Amino acid sequence: MKDQRASPRPIRTNKQRAALTPSPALAYLAPWLSIIVASMLPGWVIISAGPLIPPLGYLMLVAWRQLRPDLLPVWAGLPLGLIDDLFSGQPFGSAILLWSVTMLALDVLEHRFPWRNFVTEWLVAAAMIIAYLMMSLEIANAGGGATSLLVLAPQMLLGVLAYPVMGRVVARIDQARLTRFRVFG
Amino acid sequence: MAPPVNRRSGNSRRAQYSRFYAYVAAVLGVLVGGYFLLTSLGNHAGFSWARGAAADVTEPVARVTTATRAGADSGIDTLAGFATWGSQNAQLKREVALARVQLAEAAATADENRRLKDLLHLSTQDPHAVATAWMVASSNTSSRRYATISAGSNQGVRPGMAVRTSLGLVGRVLETGHFAARVLLITDSESKVPVRRASDGTPAFAQGLGDGTLQIQLLTLGINPLKPGDAFVASGSGGLYWPGTPIAVVTSVTRDGAIAHMLSDPGASELVEVEPLWNPMDDPSLPAPSGPPQVAHPLPHPAKPAKPKPAHKHWL
């Protein structure tokens, strides 16, 4: 695998490079861990009186799925949604259901429209985010809430705008994922 | 343009099976999610053990971010203070002069109150906080308004207890873990607090709207007496919230009530107090219920004193 990091590094001989190898654990777990952290993060940054911060866990999931379609299996929505449900405040099961449906929907979309670019991916992600927030609201209201759709408008806008930024974050993590470490022994 | 993913599994039976089972697992995820969702919609307290455990495990990390958040807030306040100190100083001096007069008046009123209460054999009762805690997290992405506090059943926190700051009511405890508890904020659309207007005791309900404001619903019909600036406090009816806890101030009047802002903005309140359950029947300082009218001859079956009400369920 090619090391693409731009930071200046000491020049190594091929033999020295061979002694450095990417950690399989980090390479495989990075997408999962980053989505889990993104699920927990919004709760910690501020205590807000209204829903404002976009669902970062969901944004991260869609971004990983679109940037590196081969890394996350199509069933990833089940375990990752379960963890998101523990922190989001939604009725339990909401994210398991919606994230699983998202993974299947993105799979179908990719099948129908195999060639894609930045704009189409952003449009697809925006539609996904807005649909996800509306479905989440329906579920939360079915669970006892009575919030109007208007309250969600700023969150939807922020979510759609934050998506490309999330894509850059995912790209960074994707590079760091293959960091080479010195192996001892 | 990104190239399409190679979806061909070829002749490898193993690759074909693994693709097939991945889709089976994905559909299973949809079914499992739907099943959990139906279960938790029917029973709100379901899976509270899982949420409690998750809150317990992440509480140390959340606490670190709380400290950072508090530091950032006070730093911004300090910087903002430099810009406005001159005019603010003059304004504060005027306010202090006014407040001194009002304080003397309030002291007189408090003294009068005490004497009147003595006459009625009522004692002033202040709730003794069960625990002090940090607000460590909140449900920022969901339309429901929950927060997590850094005290749980180990600190004596129980479901139903009121959570407040020095400024006013924040919410009530829904579920407890060992070191953390989940709080339903009063701005949640499911929270309904019985309130009264501080000035004259007009009864109302304060229901959350989910965006930091509260809808004040008057209990009495007729002309809407509310004005912007009216303060509402908890009335204590129905138990749960200690009477007199400040709740909200009216910002705009609607046809049949008003929209109010909560006094204790959860965004600005890092430290909260958990108050014990308020149950009017448990209060020894209240006079005994009057009971059946006294008659000259003794009754064959003396009326038993009213049984204390069981602890309130937290779902109203």
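These are my notebook entries on a predicted model with chains A and B.

**Ground rules.** Residues count from 1 along each chain as its sequence is written, while chains are lettered from A and ligands numbered from 1 in the order in which they are written. As this is a predicted model, local features need pLDDT of at least 70 and side-chain atom pairs count only at pLDDT 80 or more, but totals for chains, interfaces and linings use all residues.

**Chain B, overall.** I looked up the elements first and found two helices and 12 strands in chain B. (Helices, H or I with at least four residues, and strands, E with at least two, are DSSP runs numbered from the N terminus.) Along the sequence, the two helices come before the strands. I also noted domain 1 (15–44) and domain 2 (131–275) of chain B; such bounds come from an automatic or database domain assignment. The C-alpha centres of these two domains of chain B are 37 Å apart.

**Burial.** Chain B has 316 residues, and 33% of them count as buried. Buried means that 20 or more other C-beta atoms lie within 10 Å of a residue's own; exposed means 12 or fewer, partly exposed is in between, and the C-beta atoms are placed from the backbone.

**Cores.** I then checked the nonpolar cores, which are sets of buried Ala, Val, Leu, Ile, Met, Phe, Trp, Tyr and Cys residues joined through C-beta atoms within 7 Å. The largest has 55 residues, and B:I149, B:V183, B:A206 and B:I247 have the most contacts inside it. Strand 1 (residues 131–138) of chain B gives the most to this core, six residues. Apart from it lies another core, with 41 residues, including A:V62 and A:L137.

I picked out B:A206: leaving aside residues up to four places away in sequence, B:A206 touches nine listed partners, among them B:I186, B:F232 and B:I247. A contact here means two C-beta atoms, placed from the backbone, within 7 Å.

**Where the chains meet.** The contact takes 54 residues from chain A and 48 residues from chain B. On the chain A side, helices 2, 4, 5 and 6 each supply at least two residues, and helix 5 gives the most, with eight.

**Helix 5 of chain A.** So what does this helix pack against? Its buried residues, which include A:W99 and A:L106, pack against helix 3 (56–67), helix 4 and helix 6 of chain A together with helix 1 (13–42) of chain B.
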